[in-house]
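Visitor: I'm new here. Could you show me the structure and walk me through it?

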Amino acid sequence: MNRPDAGRWPATLWIVRHGQSAGNVARDAADAAGDLRIAIEGRDVDVPLSALGREQAEALGRWFARGDAHGLPEVMLSSPYLRAIETAQAFRAAGGCDADEAICLDERLREKEFGILDGLTHAGIAAQFPDQSHFRSVLGKFYHRPPGGESWADVILRLRSLMDTVSLHYAGMRVMIVAHQVVVLCLRYIIETLDEARILEIDRAGDVANCGVTEYRFDLAHGRHGGLALVRYNETAPVEQGAAPVTSAPDPIVAARG
């Protein structure tokens, strides 16, 4: 039976990568210096925004507050990592959503787990774990799972569960997700029913910008039953209009987990 799925999907879904973090800055410095390890202590979950990252999140909030997004989020979902939480908080404080809107943390939105490769630059991985460097070159990033870590396919599995929750509880609502670069890409893979080749092609085209906006809207004409149609991907205009520099460094493998 052909039926519209308007009762299944959010009316609007925004997916936002967190603002620039201290880890992004440290990774850039380590790569430039040819270091084997990124100079950040502590857990990846506790890495905060940089000062610029906070500016980016505030600029995004002001853009929403001006009405440029054609509606404010009614639901705020965030990765439990500090850089994502701080992005959501700065966005809210700048008027991006109601001041009393709860920021709901969901561990399924967390960063990809890097396992034994955590804290290493690409040069460090090649030097300390040449076997893993080889496995990754053979398998590709979509399927390579470092010991103690995750592949993109593993991340997609937990995000399928997340999308089931979104469709069950937030159908017809305006929903924002604040998370990480890999999460943004893997959600595109799920929502648009992409394959490995297509999502890796999108990934190769450029990193997801810090506070870049990916937006879907429910469209009755999308597919056989209606569905979420991509409106914009990796949109940086909100940050640019807010006079904050755009950054798009890959999320770093920055610190020991615990």
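Guide: Let's start with a term: buried means under 20% relative accessible area, exposed means over 50%, and partly exposed is in between (1.4 Å probe, protein chains only). This is a predicted model, where local features need pLDDT of at least 70, side-chain atom pairs count only at pLDDT 80 or more, and totals for chains, interfaces and linings use all residues. Residues are numbered from 1 along each chain as its sequence is written, and side-chain values use heavy atoms, with hydrogens and water left out.

Visitor: Is threonine 193 buried or exposed?
Guide: Threonine 193 sits in the loop between α7 and α8; helices (H or I, at least four residues) and strands (E, at least two) are DSSP runs, numbered from the N terminus. Its relative accessibility is 69%, so threonine 193 counts as exposed.

Visitor: What is the phi of threonine 193?
Guide: Most residues other than glycine have a negative phi. Threonine 193, just after α7, isn't a glycine, yet its phi is positive, near 50°.

Visitor: Which loop holds histidine 70?
Guide: Histidine 70 is another residue with a positive phi, about 60°, although it is not a glycine. It is exposed, with a relative accessible area of 62%. Its place is the loop between α2 (51-65) and β2.

Visitor: How many residues of α7 are buried?
Guide: The buried residues in α7 include Gln181, Arg188 and Ile191. They pack against β1, α6, β4, α8, β5 and β6 (227-235), where contact means heavy atoms within 4.5 Å. The helix is mostly covered, and the count of buried residues is 11 of 11.

Visitor: Which element gives the most to the largest nonpolar core?
Guide: A nonpolar core is a set of buried Ala, Val, Leu, Ile, Met, Phe, Trp, Tyr and Cys residues joined through side-chain atoms within 4.5 Å. The largest one has 35 residues, and Leu13, Leu159, Ile177 and Ile199 touch the most other members. Elements supplying at least two residues each include β1 (12-17), α6 (152-169) and α8 (196-204). The one that gives the most, with nine residues, is α7.

Visitor: How many residues are in the other core?
Guide: This core lies apart from the largest one. Among its members are Val16, Ala88, Cys211 and Val239, and its size is 21 residues.

Visitor: How many disulfides does the structure hold?
Guide: A disulfide is a pair of cysteine sulfur atoms within 2.5 Å. For cysteine 186, the nearest cysteine sulfur is that of cysteine 211, 19 Å away. The sulfur of cysteine 211 has its closest partner in cysteine 97, at 13 Å, which is too far for a bond. The structure's total is zero.

Visitor: What is the relative accessible area of cysteine 211?
Guide: Cysteine 186 is buried, with a relative accessible area of 1%. Cysteine 211 is buried too, and its value is 0%.

Visitor: Which side chain is joined to threonine 247 by a polar contact of 2.6 Å?
Guide: Threonine 247 lies in the segment after α9 (237-241) and is buried, with a relative accessible area of 16%. A polar contact is a pair of N or O atoms within 3.5 Å; within protein, one must be able to donate a hydrogen and the other to accept it, and residues adjacent in sequence count only if both atoms are side-chain atoms. The threonine 247 side chain makes one with the side chain of glutamine 56 (2.9 Å). The partner at 2.6 Å is the side chain of asparagine 210.
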